[in-house]
Structure formats: C-alpha cells, structure tokens
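The following note is offered to a colleague who is meeting this structure for the first time. Please read the numbered points with the model open alongside.

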Amino acid sequence: MPVIDVEIVGAAPPAAGVAALADALGAALDCPPGRAWVRLRYLAADAYAENAMASPNAPAELPIFVTVLHARPPTGAALDAEVEAIARQWPRGPVAPSNSCTCCTHRRAWAGRHSAA
C-alpha cells in the first residue's frame, strides 16, 4: 500500500479532484481499491521560486512534487516504470495546471520501522 504525497504549485482547484487523482494513481500503480493513500496539498505560486529566474514567481512550468512511500519500494526497472506511470498522470484531470512538470521521489521503505506510542 503506497502513501503518495502530492504537492502542486499554483492555484488550488476544487477538492473533488483528489478522488479522481487517487483513482488514477491507484490504477497507474496497480493497487486494489483502498490501497493507494493520496494526500494532496497546494502551494501558492508566490511561495515558490527557482534560482536565477528572471521572474521567479512565473516559471514556464509549475512543478508537481510527488513523494511515494512503500513498505517495500520497487527497484530497478520496476521503479523506473512506477515513476513513469506517476509522471503520466499530468497534465490530466482537474487537479493540476496544464503547464506542469513532475518531480517524483521515493522515500526509504517503511517495512520494519516502528513508532513509539
């Protein structure tokens, strides 16, 4: 079951888009229903900048940052395929601007990690 954090730079569209995004990412990662957990956040464009840009608040492409946490993350070709499947989700649907680019990172495996209560 992956936990997928998505942060989109730009204006926030209607909240209904998160269900469609969860469905699309779940399908892209071949997850059974209820097994892809998606958290969606928006970052205002004026809270984002890139170094050495003439107009830092108006880059040609606004980024979408995606972080994936798996119990046991894929490796090698399977990891490449997963990143490609995630990146193909944009631009599509009501959650992201059409002028967006995707930055996908995977966190280290959570299997075997425990938290104290």
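**Notes on the predicted model**

1. C104 belongs to strand β4, which covers residues 100-106. The model is a predicted one, and this cysteine is a convenient place to enter it. With neighbours within four places in sequence left aside, the contacts of C104 are V66, V68, V83 and I86. The C-alpha atom of C104 also lies 8.3 Å from that of I64, although the two residues are 40 positions apart along the chain.

2. How many disulfides does the structure hold? The count is zero. For C104, the closest cysteine sulfur is that of C103, at 7.6 Å, which is too far for a bond. The cut-off for a disulfide is 2.5 Å between sulfur atoms. Seen from C103, the closest cysteine sulfur is likewise in C104, at 7.6 Å. C103 is partly exposed, because its relative accessibility of 36% falls between the limits for buried and exposed residues.

3. The overall layout may be stated briefly. The protein chain contains two helices and four strands, and their order along the sequence is β-α-β-β-α-β. Of the contacts in the chain with a separation of 6 or more, 79% join residues 24 or more positions apart. The chain has 117 residues, and 32% of them are buried. Its accessible surface is about 7000 Å², with carbon and sulfur atoms accounting for 56% of that area.

4. The largest nonpolar core has 14 residues, and those touching the most other members are I4, V6, L25, V38, V66, V68 and I86. At least two residues of this core come from each of β1, α1 and β3. As a general matter, nonpolar side chains in soluble globular proteins tend to be buried together. Three of the residues named here, V66, V68 and I86, also appear among the contacts of C104.

5. Helix α1 runs over residues 17-28. Does its length agree or disagree with the expected span? At 1.5 Å a residue, its 12 residues should span 16 Å, and the end C-alpha atoms are 16 Å apart, so the two values agree. The buried residues of α1 are G17, L21, A24, L25 and G26. An α-helix has 3.6 residues a turn, so residues three or four places apart point the same way. Among the elements that cover the buried residues of α1 are β1 (3-9), β2 and α2 (76-87).

6. D30, which follows α1, deserves a check of its backbone. Its phi is positive, about 55°, although the residue is not a glycine. Most residues other than glycine have a negative phi. D30 sits in the loop between α1 and β2. Its relative accessibility is 70%, above the 50% limit, and therefore D30 counts as exposed.

7. G34 is placed in that loop too, between α1 and β2. With a relative accessibility of 60%, G34 also counts as exposed. The C-alpha atoms of G34 and M1 are 8.6 Å apart, while 33 residues separate the two along the chain.

8. The loop between β2 and β3 contains A44. This alanine is partly exposed, at 40% relative accessibility. Beyond its neighbours within four places in sequence, A44 makes contact with V9 and G10. From C-alpha to C-alpha, A44 and I8 are 8.5 Å apart in space, against 36 residues in sequence.

9. Which two residues form the aromatic pair? The count of such pairs is one. The ring centres of Y48 and F65 are 6.3 Å apart and their planes meet at 55°, so the pair is tilted. Y48 lies in the loop between β2 (37-43) and β3 (62-69), whereas F65 is in strand β3, so the pair ties together parts 17 residues apart in sequence. Burial is not equal for the two rings' residues: Y48 is buried, with a relative accessible area of 14%, whereas F65 is partly exposed, with 28%.

Conventions:
Residues are numbered from 1 along each chain as its sequence is written. This is a predicted model: local features need pLDDT of at least 70, side-chain atom pairs count only at pLDDT 80 or more; totals for chains, interfaces and linings use all residues. Side-chain values use heavy atoms; hydrogens and water are left out. Rings of Phe, Tyr and Trp (its six-membered ring) pair if their centres lie within 6.5 Å; planes under 30 degrees apart count as stacked, over 60 as edge-to-face and the rest as tilted. Buried means under 20% relative accessible area, exposed over 50%, partly exposed in between (1.4 Å probe, protein chains only). The expected span of a helix is 1.5 Å times one less than its number of residues. Contact means heavy atoms within 4.5 Å. A nonpolar core is a set of buried Ala, Val, Leu, Ile, Met, Phe, Trp, Tyr and Cys residues joined through side-chain atoms within 4.5 Å. Accessible areas come from the Shrake-Rupley method with a 1.4 Å probe; for residues, only the protein chains shown count as cover.
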